[in-house]
2 protein chains.
Amino acid sequence: MDNSKKYDVLKLENQLCFPLYACAKEVVRQYKPFLDELELTYTQYITMMVMWEKKEMNVKELGECLYLDSGTLTPLLKKLEAKGYITRSRSSKDERNLIIVITEAGEKLKEEAVLVPAKVGKCISLEPQEAQTLYKLLYKMIHQMNE
Amino acid sequence: MDNSKKYDVLKLENQLCFPLYACAKEVVRQYKPFLDELELTYTQYITMMVMWEKKEMNVKELGECLYLDSGTLTPLLKKLEAKGYITRSRSSKDERNLIIVITEAGEKLKEEAVLVPAKVGKCISLEPQEAQTLYKLLYKMIHQMNE
DNA sequence: ATCAAATAAATTGCATACAATTAAATCATG
DNA sequence: CATGATTTAATTGTATGCAATTTATTTGAT
């Protein structure tokens, strides 16, 4: 092997994972000013996105949707409950399950939240075709890694 | 507006940012078993990648490379110093600057680290063309957001 | 029916991330 | 050349993330 090239794989610029990691963080940062208006963090926001759609979920299901575990979700859900956007209660069918249900206030928040994607979209403008390509590649990777 | 579609922008499946966020986390998880062998976290690993290439950097430069601030880097660099992979010392030219220099032990670590990318590559197999496309799109976004 | 195995959350411990603030050093301008 | 502005790290405080463990509950095989 050409020794001058041996360590090139360790250069940041030759990594695919690094821009992925950096880009994800930057995107979350783009969300921040808009989410601050709703007093939500990014993780709380995506959790609410699931709740806006599903209305009722248990922690395990939420974790599967969001790729988060109970160590992250438990404190986060307690905060959302404290804000009044969800309720947390044990299932009577199976006491192990904690059922998360969206509240009226939670539903109401959706009216403001619906404006967020467009605001962020202005900061991150890819061509529709590029966005589509990126979307597919990301999910391809995600599915590949979850095997 | 068609009301049945009004809130579709809030569905996780219609988000580009969510798979980005999820994929980045999953990738870091793929690294973990291999980095565990080196007793490095992912963030410590990418920091070492910069050090392997540059040998000497100050905290500000590292932060620019890695998109991290001193709040993250200061404790991380202290850990890398404790492991013996870097030294931390103030510049005599400008005492505000903290100069990070890689040590012998740090250089030595590169021998094991150089095997990591291939191992991770096996878990994340995109076609070279796809990887190239993804790489370009991610950097396009990163550069756009840093304006 | 009983009890070991499995399941679901919660807890614990550690390591980021990052905004905001602070402290020290240097610069720049009158 | 004095001092206010700027720059660089460090610190503080809050919120993740996740592995590993614990606790409570339920399931399932005998």
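Which exposed residues does the face of H5(A) turned away from its buried side carry? They are Glu104(A) and Lys108(A). The legends below describe close-up views of a predicted model.

**Figure 1. Buried and exposed sides of helix H5 of chain A, residues 104–113.** The buried residues of this helix are Gly106(A), Leu109(A), Lys110(A) and Ala113(A). These residues lie on the same side of H5(A), because they cover an arc of only 115 degrees around the axis. Among the elements that cover the buried residues of H5(A) are two helices of chain A, H1 and H2 (42–54). Strand E3 (98–102) and helix H6 of chain A also take part in this cover. Exposed Glu104(A) and Lys108(A) sit on the face turned away from the buried side.

**Figure 2. Thr103(A) at the start of H5(A).** Thr103(A) belongs to the loop between E3 and H5 of chain A. Thr103(A) has a relative accessibility of 16% and therefore counts as buried, the cut-off being under 20%. A side-chain oxygen of Thr103(A) comes to within 3.4 Å of the backbone nitrogen of Ala105(A). The side chain of Thr103(A) also reaches the backbone nitrogen of Gly106(A), at 3.0 Å. Gly106(A) is itself one of the buried residues of H5(A). Beyond its neighbours within four places in sequence, Thr103(A) is in contact with Gly84(A), Tyr85(A), Ile86(A) and Thr87(A).

**Figure 3. The largest pocket, with a volume of about 440 Å³.** Its lining consists of 16 residues. Nearest the centre of this pocket lie Gly121(A) and Ala131(A) from chain A, together with Asn14(B), Gln15(B) and Leu16(B) from chain B. Helices H6 (116–123) and H7 (128–145) of chain A each supply at least two lining residues. H7(A) gives the most, with 4 residues. By class, the lining of the largest pocket has 11 nonpolar residues, 4 polar and 1 charged.

**Figure 4. The second largest pocket, with a volume of about 350 Å³.** This pocket is lined by 13 residues. Those nearest its centre are Tyr21(A), Ala24(A), Lys25(A) and Val28(A) of chain A and Tyr21(B) of chain B. Helix H1 (17–38) of chain A and helix H2 (17–38) of chain B each contribute at least two residues to the lining. The most come from H1(A), which gives 5 residues. The lining of the second largest pocket divides into 8 nonpolar, 1 polar and 4 charged residues.

Key
Residues are numbered from 1 along each chain as its sequence is written. Chains are lettered from A and ligands numbered from 1 in the order in which they are written. This is a predicted model: local features need pLDDT of at least 70, side-chain atom pairs count only at pLDDT 80 or more; totals for chains, interfaces and linings use all residues. Side-chain values use heavy atoms; hydrogens and water are left out. On a 1 Å grid over the protein atoms alone, a cavity is a set of points where a 1.4 Å probe fits but cannot get out, and a pocket is an open set with protein on both sides within 12 Å along at least five of seven lines; lining residues have an atom within 4 Å of a point. Grid points are joined across faces, edges and corners, and a volume is the space filled by probe spheres set on the points. Ala, Val, Leu, Ile, Met, Phe, Trp, Tyr, Cys and Pro count as nonpolar, Asp, Glu, Lys and Arg as charged, and the others, Gly among them, as polar. Buried means under 20% relative accessible area, exposed over 50%, partly exposed in between (1.4 Å probe, protein chains only). The arc is that of the directions from the helix axis to the C-beta atoms. Contact means heavy atoms within 4.5 Å. A polar contact is a pair of N or O atoms within 3.5 Å; within protein, one must be able to donate a hydrogen and the other to accept it, and residues adjacent in sequence count only if both atoms are side-chain atoms.
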